[in-house]
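Biologist: Please take a close look at one helix of this model, and then set it beside some other elements of the fold. I should like a connected account.

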Amino acid sequence: MSQTVENPKVRPIDPHGGVLVSLLAEPEQAREWQGRAAALPRHTLSQRERCDLEMLAIGAFSPLDGFMTRDDYHGSVDDMRLTDGAVWPFPVTLSAGDANVAEGQDVALYAESGDLSGILHVEDVFQRDVKHEAKATYGTDDEAHPGVVQIYRHGARLLGGALTVLATPPHAEFPELYRVPAQTRALFAERGWRRVVAFQTRNPIHRAHEYLTKCALEVVDGLMLHPLVGETKGEDVPADIRIRCYQVLLEKYYPKTRTVLGLLPASMRYGGPREAILHALMRKNYGCTHFIVGRDHAGANRPDGKPYYGSYDAHLIFEQFAPDEIGITPLFFEHTFFCRTCDGMASFKTCGHDKANHMTLSGTKVREMLTSGQEPPPEFSRPEVARILIEGYAALAQKSA
């Protein structure tokens with residue numbers, strides 16, 4: 001079932017593939033499947049699969065209408081394209097586990113809580129080469145990579161097919177910020193925004209992020225700050241703490257009429273350049289026309305601290321596609337910092353002063369400061385944001401004690 005938004009004043013950007021998919025069952029259909037589910041083969045979704053199911057259900061993964069069958073899987077892994085030619089940089093898969101399931105069967109999908117989430121209409125049961133997928137999609141088969149280890153954990157046997165989704169998570173925290181793509185599209189049209197830029201983040205925003213989002217706001221009508229709140233790594237700041245940081249930042253330092261805070265219930269894959277493409281396509285489905293791609297977008301570090309990807313690989317990958325194949329305009333930004341000589345935020349494009357004048361702090365150093373109750377310099381982080389993080393880290397430490 002597809003959803004469209006009509007407004008005589010503003011025509012939203014087309015979703016990826018041309019149709020905004022919705023896989024949520026109507027109430028009567030949902031009740032019917034609830035009654036039949038007990039007799040079906042059962043699969044308990046991992047956290048990654050649960051996030052992917054939700055993204056499929058609400059249309060954020062349009063044009064996908066289910067977990068990938070083998071042809072789309074191989075096209076995505078090897079060529080970053082579906083069988084119809086649409087760009088899609090990561091496979092979206094469902095592990096078969098040890099289930100004895102054949103093509104043509106229906107499988108009941110359950111959340112780890114035991115709640116029935118949906119029904120997979122199995123069209124394909126197939127094997128994958130896990131090392132090949134890891135090397136092709138992540139550029140490494142190192143199981144220390146947080147995305148690669150997910151592939152190995154889920155195994156080689158996969159189920160593919162269309163979905164009927166019966167329920168998505170309730171999002172009890174910050175429900176007012178949870179909007180599906182059809183809702184953000186309607187909101188942008190209501191506000192008369194023709195050009196909307198999205199900013200992806202899994203971390204609290206510091207001054208450099210604030211700088212580049214405001215630079216982007218100079219050339220568009222509105223900004224959607226769209227933090228990812230699905231599965232992330234253990235050392236990443238918990239979503240509830242991050243969201244409070246975003247709220248205070250938008251309240252005090254951004255124009256309220258030109259900003260929207262939303263939640264993206266996706267999993268981080270830490271896939272660097274390929275994930276930059278995925279993040280852009282998802283925001284296109286949410287109705288954004290522009291997408292900010294910064295330095296080391298969606299990157300991850302090796303155990304020795306060295307990065308898996310080059311600082312600007314996520315910029316260069318867009319050159320592999322014609323602009324209309326992606327359909328959303330990337331805005332590329334270099335590393336930004338506070339320059340003491342310029343007395344303001346800058347980048348290497350706009351500042352010629354020696355690096356000794358630049359205020360930069362590593363993520364490790366910032367975490368150490370926050371954990372000890374010390375605020376980072378105001379040139380690095382807004383004090384209001386720092387205080388929320390300090391309180392959050394203190395609460396986490398008390399909980400784990």
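**A helix and its wider setting**

Modeller: In this predicted model, helix H9 covers residues 272-285 and has 14 residues. From its first C-alpha to its last, H9 reaches 20 Å, which is close to the 20 Å expected at 1.5 Å a residue. Buried means under 20% relative accessible area, and 14 of the 14 residues of H9 are buried, so the helix is largely enclosed by the rest of the structure. Following H9 is Gly-287, which has a positive phi, near 105°.

A positive phi is also found in a hairpin, that of strands S14 and S15. Strand S14 comprises residues 336-339 and strand S15 residues 344-347, and the two pair in the antiparallel sense over four bridges. Thr-336 has Ser-347, in S15, as its bridge partner. Four residues lie between the strands of this hairpin, and Asp-343 takes a positive phi near 60°.

The packing of two other helices may be described as well. Helix H3 (residues 70-79) packs with helix H4 (residues 130-138) at an angle of about 50°, and their axes are 8 Å apart. H3 and H4 are therefore oblique to each other. On the H3 side, the contact is made by Tyr-73, Val-77 and Asp-78, while H4 contributes His-132, Glu-133, Ala-136 and Thr-137. By character, the residues of this contact between H3 and H4 divide into three nonpolar, two polar and two charged.

Definitions and conventions:
Residues numbered from 1 in each chain as written. Predicted model: local features only at pLDDT ≥ 70, side-chain atom pairs only at ≥ 80, totals over all residues. Heavy atoms only, no water. Axes fitted to C-alpha atoms, helices over the stretch in contact; angles between N-to-C directions. Parallel < 35°, antiparallel > 145°, perpendicular 65-115°, else oblique. Contact = heavy atoms within 4.5 Å. Nonpolar A, V, L, I, M, F, W, Y, C, P; charged D, E, K, R; others polar. Expected span 1.5 Å × (residues − 1). Buried < 20%, exposed > 50% of the residue type's maximum accessible area, 1.4 Å probe, protein only. Pairing = 2+ DSSP bridges.
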